[in-house]
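Me: I'd like to learn how to read the empty spaces in a protein model. Can you walk me through this one?

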Amino acid sequence: MIKDKIKQISEEIKQISKKDICLMEVCGTHTMSIARHGIRSLLPSNIRIISGPGCPVCVTPSGEIETAINLAKDDRFIIATFGDMLKVPGKSASLQDYKNVKIIYNPLESLKLAEDNPLKQVVLLGIGFETTSPLIASTIKTAHKMSINNFSVFCMHKTVPSAINLIIDSDKDRNISGLILPGHVSAITGRRYFDFIKDKKISGVICGFEALEIMQTIYILIRTFELNETIVINNYKTVVSEEGNLTAKKAVFDVFDMCDSEWRGIGLIKDSGLKIKAKYKEYDAVIKFGLKVVSLPDPAGCRCGDILMAKAIPNECKYFGKECTPSNPIGPCMVSSEGTCAAFYKY
C-alpha cells in the first residue's frame, strides 16, 4: 500500500534527520502537491520546506501585466492567454474584465483565432518557464510557415537556473540546504541542466508530484545532507532523461535568445528570460506594436516578493486570508493555482 510506504519513509526520515534543515521547492505544482498531501505534517520539526519562485504567473512583473491589460482594452486586438493570467490584478482592472481576452489551452489555438478573425490582431501572452517555451516556439514557427500575419507573441518567458543561482547566492546564512527540483521543467531540459547546483555545495533532486515521490525525494535530500554529500540526481526517471527533450530544446534555440529579465518581487536577473530572435521579429508584439513596458510598484504591504525569494511564508503577510483571498487577490501569489499563497489558503 502506498500509504504504508509513505508512513515508513516518514519514520525513516525521523530516524536519520538530526540537524536543522531547510529544503526549497522551485515548482508551483510541487507547492500545491506538498500542501494537498500534508507533507509537512509527516516530517519532524527540524525539517522546514519553503517555496521558491516556481510560479510563472507570480513572477511576471506588474508592468507586463498592465501592458497586456492595455492591449485588451483596444478593440483592434484579441488577447490569447492561459487561464491563470485572467485574475492577476493590474492598476485598476484585470484581463478577465475585457471581452477581447480568450482563454486557450494550447498555444496553437491562438493561430486558429487569427485565421478566424482576419481583421483583428491576435496577441498570445507567452508566459511560463522551460515547460511552455517550446510550445510557444513551435507556434511561432508554425505561424511563419503558414504566413499568418495577424498573429504575434508578447514574450514574458523566464528560465529557472538564473533565479535559483540568485536565491542561493543571496542566502548568506546558508539556510537552504537542498532543492526539490521541478519535474515538468526537467522533462524538457534534462537532468544535466541542473548540474550547476553542485558548485553551490547544495544537493538537488528532480521529483515527481505524487506524495510517495515527494517523500522519497525528501529522504534522499536529508540523507545526503546528514552525510555532508552533494548530489544532483533524477528521482523522476519515468519522465526525465539526462539530456531532456532534444526536439523541444531545438525549437527554443531556433526561436529565442537569452536576455535579462525582470522578476516580480525579485528584480532584474541576468540571462533569465527569453526574447524572440530577429529572424521572427514580425511575431514579436513588442516590436510589432511598439509596446512600452514600464516598471510599476507592487501593492504596498504585499509580501509576494519575500515569499518568492523564500524570505517569508504567506501567513506572515498582513493581507493573507483577510483582504487577500482567491476571490479578491492583492498579489499574484494568491492568483495563480500554483501560487504559494493560494496553496496555503486552500489547504
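Reply: Sure, and keep in mind that this is a predicted model. Start with the word cavity: on a 1 Å grid over the protein atoms alone, a cavity is a set of points where a 1.4 Å probe fits but cannot get out, while a pocket is an open set.

Me: OK, so how many cavities of 30 Å³ or more does a search of the whole structure find?

Reply: Three turn up at that cut-off of 30 Å³ or more. The largest cavity comes in at about 60 Å³.

Me: Which residues line the largest cavity?

Reply: Its wall is made by C302, R303, C304, I307, C317, Y319, F320, C324, I330, G331, M334 and C341. Sorted by class, that lining gives 10 nonpolar residues, one polar and one charged. Cys counts as nonpolar here and Gly as polar, so read those class labels with that in mind.

Me: What about the second largest cavity: what is its volume?

Reply: About 50 Å³. Around the second largest cavity you'll find R40, I49, I50, S51, I307, A310, A312, I313, P314, T340 and F344. Two elements, β2 (47-51) and α13 (340-346), each give two or more residues to that lining. β2 gives the most, with three residues. The class split for the second largest cavity is eight nonpolar, two polar and one charged.

Me: Now the open spaces. What volume does the largest pocket have?

Reply: The largest pocket has a volume of about 520 Å³. It is lined by 25 residues, and the closest to its centre are P56, D84, G128, T132 and E338.

Me: Which elements each supply at least two residues of the largest pocket's lining?

Reply: Those are α2 (28-36) and α7 (183-189). For chemistry, the lining of the largest pocket holds 13 nonpolar, 10 polar and two charged residues.

Me: And how does the second largest pocket read, starting with its volume?

Reply: Its volume is about 450 Å³. The lining of the second largest pocket has 29 residues, with P61, E64, S261, E262 and V293 nearest its centre. Helices and strands both contribute two or more residues: α3 (62-73), β6 (151-155), β10 (256-263), β11 (267-276) and α10 (285-288).

Me: How many charged residues are in the lining of the second largest pocket?

Reply: Eight charged residues, alongside 14 nonpolar and seven polar ones. If you're comparing notes, the largest pocket's lining has two charged residues.

Methods. Residues are numbered from 1 along each chain as its sequence is written. This is a predicted model: local features need pLDDT of at least 70, side-chain atom pairs count only at pLDDT 80 or more; totals for chains, interfaces and linings use all residues. Side-chain values use heavy atoms; hydrogens and water are left out. On a 1 Å grid over the protein atoms alone, a cavity is a set of points where a 1.4 Å probe fits but cannot get out, and a pocket is an open set with protein on both sides within 12 Å along at least five of seven lines; lining residues have an atom within 4 Å of a point. Grid points are joined across faces, edges and corners, and a volume is the space filled by probe spheres set on the points. Helices (H or I, at least four residues) and strands (E, at least two) are DSSP runs, numbered from the N terminus.
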